[in-house]
Amino acid sequence: DLQSDNQSSLPKGLQEKYLLTRQIGVGVCGEVRLAFERSTCNKFAVKVINKKNFQSEGTATRNAETEIKILQRIDHPCLIKTQDFYQTEDSYFIVLEMMEGGELFNKVKSQQQLKESVAKLYFYQMLCAVHYLHSNGIIHRDLKPENILLSSSEDVCLIKVTDFNQSRILEEAALMRTLCGTPSYLAPEVFTHANTTGYGLAVDAWSLGVLLFVCLSGYAPFHENFGNYSVSEQIIRGEFTMIPKKWEHISNQAKDMVRKLLVVDPKERMSIAEALQHPWLQDQEMLATAQRLMYPNDAACHPAPVAMVTPAHQEAESGYTTHRKR
Ligand SMILES: Cc1n[nH]c(N)c1-c1cccs1
């Protein structure tokens with residue numbers, strides 16, 4: 001019943017501009033509801049974040065509205081766009097793009113493991129999105145399958161990274177939330193250097209390594225059921241197992257990409273820019289598909305011949321190095 005109390009507890013501006021309907025997702029920070037913009041009937045996803053989950057003891061909470069202005073300037077085809085932002089005394093309401101395919105998490109869960117070509121297409125788009133975030137001074141810090149959304153249920157589809165805005169807006173609280181949530185995707189230095197903010201961009205490279213591992217194999221590299229160490233100890237030791245049954249049909253280049261991202265020492269870990277130059281991604285057919293999905297208008301007016309495709313990430317550093325020169 002849309003006139004029920006949940007409408008009355010919404011910010012006036014949000015109520016006037018959008019019609020909120022059913023819940024389409026739920027997570028640690030709150031719920032996601034399907035909304036219709038009243039003037040256009042376009043669909044949006046409204047993330048409702050309960051402030052009490054993010055009460056940061058003592059430290060001044062960043063002014064969410066100022067941060068949102070920065071984030072509304074962020075513009076990349078593989079980053080979810082923030083359409084609007086509202087708040088009440090108790091909650092934040094972030095109006096986001098609607099992604100009909102839902103979370104990557106559910107696709108991997110239902111398919112067990114993705115086809116390598118599909119995992120490669122999705123992973124390349126994630127790399128482009130995170131490379132763009134890093135070039136704008138934003139570390140995501142919470143990359144996991146729940147934060148990767150699919151534009152459709154088709155294998156070949158656009159993906160978008162989400163939640164980077166919440167972690168940026170609510171960053172000190174986001175760290176608390178991140179540490180409360182599953183640690184499976186967190187890089188070692190988040191546990192060992194968290195309080196010094198000493199960790200940097202490399203944390204996202206680690207999480208993307210875990211994400212790729214899960215997409216290719218269907219299971220997590222660090223899990224409480226593996227060995228006699230806790231998940232955080234397995235992560236800090238960088239100990240993971242590629243179960244032969246799950247990895248026998250996966251290419252050596254894909255395994256090499258995973259191994260070079262899941263390196264404990266952030267200084268030795270392959271960077272996002274190096275990953276974009278990795279041989280596994282120098283796949284012209286995949287690059288052409290990714291470009292068509294990310295920049296559909298470009299392809300329409302001047303289709304680049306496949307052999308001449310300029311990788312969509314363009315600004316990646318030249319030359320792939322198997323090991324960073326020290
Ligand atoms: C945000 C967003 N945009 N489009 C969808 N499906 C979402 C969801 C996130 C989490 C559950 S649903």
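## A first look at the ligand site and its surroundings

The residues around the ligand are Ile24, Gly25, Val32, Ala45, Leu96, Glu97, Met98, Met99, Glu103 and Leu149. Together with the rest of the protein, they leave little of the ligand open: 94% of the 320 Å² of accessible area that the ligand has on its own is covered by the protein. Please keep in mind that this is a predicted model. The points below begin with the ligand, move on to the whole chain, and then visit a helix and several single residues.

**The ligand and its pocket**

- The largest pocket is where the ligand sits.
- Two elements each give two or more residues to the shell around the ligand, namely strand E1 (18-27) and strand E5 (91-97).
- A polar backbone atom of Glu97 lies 2.8 Å from a nitrogen atom of the ligand.
- Met99 also offers a polar backbone atom, and this atom is 2.8 Å from a nitrogen atom of the ligand.

**The protein as a whole**

- The protein has 326 residues, and 49% of them count as buried.
- Its secondary structure consists of 15 helices and eight strands.
- About 15,500 Å² of the protein surface is accessible, and carbon and sulfur atoms account for 52% of that.
- If you take the contacts between residues at least 6 apart in sequence, 65% of them join residues at least 24 apart.

**Gly102, with links to residues around the ligand**

- Strand E6 (residues 102-103) is home to Gly102.
- Gly102 is partly exposed, because its relative accessibility is 25% and the partly exposed range runs between 20% and 50%.
- Beyond its neighbours within four places in sequence, Gly102 is in contact with Ile148, Leu149 and Leu150; of these, Leu149 is also listed around the ligand.
- Ile24, another residue around the ligand, is 78 residues from Gly102 in sequence, yet their C-alpha atoms are 8.7 Å apart in space.

**Helix H12 and what covers it**

- Which residues of helix H12 (residues 252-261) are buried? They are Ala254, Lys255, Met257, Val258, Lys260 and Leu261.
- A general point helps in reading that list: an α-helix has 3.6 residues a turn, so residues three or four places apart point the same way.
- The cover over the buried residues of H12 includes four other helices: H5 (116-135), H9 (202-217), H11 (244-247) and H13 (272-276).

**His278 and its polar partner**

- You can find His278 in the loop between H13 and helix H14 (284-294).
- Is His278 buried or exposed? It is buried, because its relative accessible area is 1%, and buried means under 20%.
- The side chain of His278 makes a polar contact of 2.7 Å with the side chain of Asp256.

**Two loop residues with a positive phi**

- Most residues other than glycine have a negative phi, which gives a helpful background for the next two residues.
- Cys41 is not a glycine, yet its phi is positive, at about 65 degrees.
- The loop between strand E2 (30-37) and strand E3 (43-50) holds Cys41. With a relative accessible area of 58%, Cys41 is exposed.
- Gln112 likewise has a positive phi, near 65 degrees, in a residue other than glycine.
- Look for Gln112 in the loop between helix H4 (104-111) and H5. Gln112 is partly exposed, with a relative accessible area of 47%.

**Ala202 and Ile243**

- Ala202 belongs to helix H9, one of the helices covering the buried residues of H12.
- At a relative accessible area of 21%, Ala202 is partly exposed, because the label buried is kept for values under 20%.
- Leaving out residues up to four places away in sequence, Ala202 touches Glu189, Pro266 and Arg269.
- Ala202 and Ser232 are 30 residues apart along the chain, and 17 Å separates their C-alpha atoms.
- Ile243 sits in the loop between helix H10 (231-237) and H11. Its relative accessible area is 34%, so Ile243 is partly exposed.
- From Ile243 to His223 there are 20 residues in sequence and 13 Å in space, C-alpha to C-alpha.

Terms used. Residues are numbered from 1 along each chain as its sequence is written. This is a predicted model: local features need pLDDT of at least 70, side-chain atom pairs count only at pLDDT 80 or more; totals for chains, interfaces and linings use all residues. Side-chain values use heavy atoms; hydrogens and water are left out. Buried means under 20% relative accessible area, exposed over 50%, partly exposed in between (1.4 Å probe, protein chains only). Contact means heavy atoms within 4.5 Å. A residue is near a molecule or strand if one of its heavy atoms lies within 4 Å of it. A polar contact is a pair of N or O atoms within 3.5 Å; within protein, one must be able to donate a hydrogen and the other to accept it, and residues adjacent in sequence count only if both atoms are side-chain atoms. Accessible areas come from the Shrake-Rupley method with a 1.4 Å probe; for residues, only the protein chains shown count as cover. On a 1 Å grid over the protein atoms alone, a cavity is a set of points where a 1.4 Å probe fits but cannot get out, and a pocket is an open set with protein on both sides within 12 Å along at least five of seven lines; lining residues have an atom within 4 Å of a point. A molecule sits in a cavity or pocket if more than half of its atoms lie within 2 Å of its grid points.
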